[in-house]
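Work through these exercises with the model open. Try each task before you read its solution.

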Amino acid sequence: MGGPVLKVEAVGKCYGTFRALEGFDLELTPGIYGLLGPNGAGKSTVMNILGGLIEPSEGRVTFNRREIGKMGKEYRSVLGIVPQQQRMYEFFTGFEFLSYMAALKGIPKVAARERIGRLLAQVELTEDAGKKVGSYSGGMKQRLLLAQALLNDPTVLLLDEPTAGLDPRQRIVLRNLIAGLGLEKILIFATHVVSDVESIAKEVLLLKKGRLIRRGTVTELCEPLEGRVVEILVPAEELEARMQQGRIVSFRQVKGGVKVRVLLHGTDIPEGALVAEPTLEEVFLDQFGTEDERDGNGG
Ligand code: ADP
Ligand code: MG
């Protein structure tokens, strides 16, 4: 009885004297988890530990109650991973790349051929399978990497910033593909982009400076902001003054002024404001500020 469980207990990680992860506890069952945090939060560290690519400094990770470090090959056989920094073999064709990866994973040739054919169709690369990877667009490369991670039909699928460098349309294509994978797999999607996971994650894990600060459904994470997000129509010249009351989330010009969406500092609703439903974007903004306010420069 019971489906697969990936469990993380009191895991921490230091790189030299720098602590990148602390007191990380988590129990994961099938479904899509969005591991969300700004650059430097520790997402790749978590992913690499879950993928068995690096050892935690303390704590343990188990898959179905067995330590992944001790499972070795057995764990790798249920694991699919797209690391953030992945080598691609640009001179291979898409088909050759998948064949090569299948060989590395020890998948018998005949089975691999059949599986590659199906995966190429799934990631919509059938027609481009004969082209060199070097000629692929960013979106095509990411879809090929996803196909690679699916070769062994993994139970645990780790995707570290799979949408990095993609334009908005390609992001959506990839997100929809990923959304269709998550029902039976334990799928973790690490990203610093809220919209990547907002609509597809059964749970969002908010990571801040190496700590899991919140976890829950999007609705649960948004709850504390109830009543703090408002929309106001203001004359353009009043925009500046409105910024004192909160953070401006977005604004657009409309007839008669500017429609501003504001995350209020407090709970006093300004005159003329309409209370709006908070979104995950605002939860992120509340925790981390804007990109400009954070350390680092993105990417
Ligand atoms: P994210 O994926 O959320 O951007 P990372 O897990 O890559 O975060 O990094 C978390 C922190 O750990 C960052 O401050 C980063 O500079 C640091 N870090 C990551 N890998 C190493 C490493 N191999 N050696 C030293 N510091 C590292
Ligand atoms: Mg990362």
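**Exercise 1: A glycine in a loop**

Gly-40 sits in the loop between β3 (31-36) and α1. Helices (H or I, at least four residues) and strands (E, at least two) are DSSP runs, numbered from the N terminus. This is a predicted model: local features need pLDDT of at least 70, side-chain atom pairs count only at pLDDT 80 or more, and totals for chains, interfaces and linings use all residues. Residues are numbered from 1 along each chain as its sequence is written, chains are lettered from A and ligands numbered from 1 in the order in which they are written, and side-chain values use heavy atoms, with hydrogens and water left out.

Task: Is Gly-40 buried or exposed?

Solution.
- Step 1. Take the cut-offs: buried means under 20% relative accessible area, exposed over 50%, partly exposed in between (1.4 Å probe, protein chains only).
- Step 2. Read the value for Gly-40, which is 75% relative accessibility.
- Step 3. Gly-40 therefore counts as exposed.
- Step 4. Look across the model: Gly-40 and Gly-272 are 39 Å apart, C-alpha to C-alpha, and 232 residues apart in sequence.

**Exercise 2: The whole chain**

Task: How many helices and strands does the protein chain have, and what does its C-alpha trace span along its principal axes?

Solution.
- Step 1. Count the elements: the protein chain has 11 helices and 14 strands.
- Step 2. Take the extent: the C-alpha trace spans about 70 × 45 × 40 Å along its principal axes.
- Step 3. Add burial: of the 299 residues in the protein chain, 49% are buried.
- Step 4. Split the chain: the domain assignment gives domain 1 (6-222) and domain 2 (227-277). Such bounds come from an automatic or database domain assignment.
- Step 5. Compare centres: those of domain 1 and domain 2, taken over C-alpha atoms, are 38 Å apart.

**Exercise 3: Positive phi**

Task: Which loop holds Arg-65, and is Arg-65 buried or exposed?

Solution.
- Step 1. Arg-65 lies between β4 (58-63) and β5 (66-67), in the loop.
- Step 2. With a relative accessible area of 78%, Arg-65 is exposed.
- Step 3. Arg-65 has a positive phi, near 70°, and is not a glycine.
- Step 4. Now take Glu-161, also not a glycine, with a positive phi of about 50°. Its relative accessible area is 4%, so Glu-161 is buried.
- Step 5. Finish with a glycine: Gly-289, just after α11, has a positive phi of about 75°.

**Exercise 4: Salt bridges**

Task: What partner does Lys-7 have in a salt bridge?

Solution.
- Step 1. Apply the rule: a side-chain nitrogen of Lys or Arg lies within 4 Å of a carboxyl oxygen of Asp or Glu. The count comes to 17 salt bridges.
- Step 2. Lys-7 pairs with Glu-27, and their closest N and O atoms are 3.8 Å apart. This pair links distant parts of the chain, with Lys-7 in strand β1 (residues 6-15) and Glu-27 in strand β2 (residues 18-28), 20 residues apart.
- Step 3. Check exposure: Lys-7 is partly exposed at 31%, and Glu-27 is partly exposed at 41%.
- Step 4. Go to Glu-161 again: its side chain meets that of Lys-43 in a salt bridge (3.8 Å, N to O). The two are 118 residues apart, with Glu-161 in the loop between β7 (156-160) and α7 (168-179) and Lys-43 in helix α1 (residues 43-50). Both Glu-161 and Lys-43 are buried.
- Step 5. Arg-66 and Glu-74 also form a salt bridge (2.9 Å, N to O). Arg-66 is partly exposed at 39%, and Glu-74 is partly exposed at 43%.
- Step 6. Find the network: salt bridges link Glu-9, Arg-60, Glu-67 and Lys-70.

**Exercise 5: A charged patch**

Task: Which residues form a negative surface patch?

Solution.
- Step 1. Patch members have over 30% relative accessible area and no salt bridge; like charges are joined within 9 Å, and nonpolar side chains (Val, Leu, Ile, Met, Phe, Trp, Tyr) within 5 Å.
- Step 2. The residues are Glu-220, Glu-223, Glu-226 and Glu-277.
- Step 3. Place one of them: Glu-226 is in the loop between α9 (218-222) and β11 (229-234).
- Step 4. Glu-226 has 42% relative accessibility, so it counts as partly exposed.
- Step 5. The C-alpha atoms of Glu-226 and Glu-114 are 51 Å apart, and the two residues are 112 residues apart along the chain.

Technical notes. Areas by Shrake-Rupley, 256 points an atom, 1.4 Å probe, with all protein chains shown as cover. Lys, Arg positive; Asp, Glu negative; His and termini not counted. Charge placed at Lys NZ, Arg CZ, Asp CG, Glu CD.
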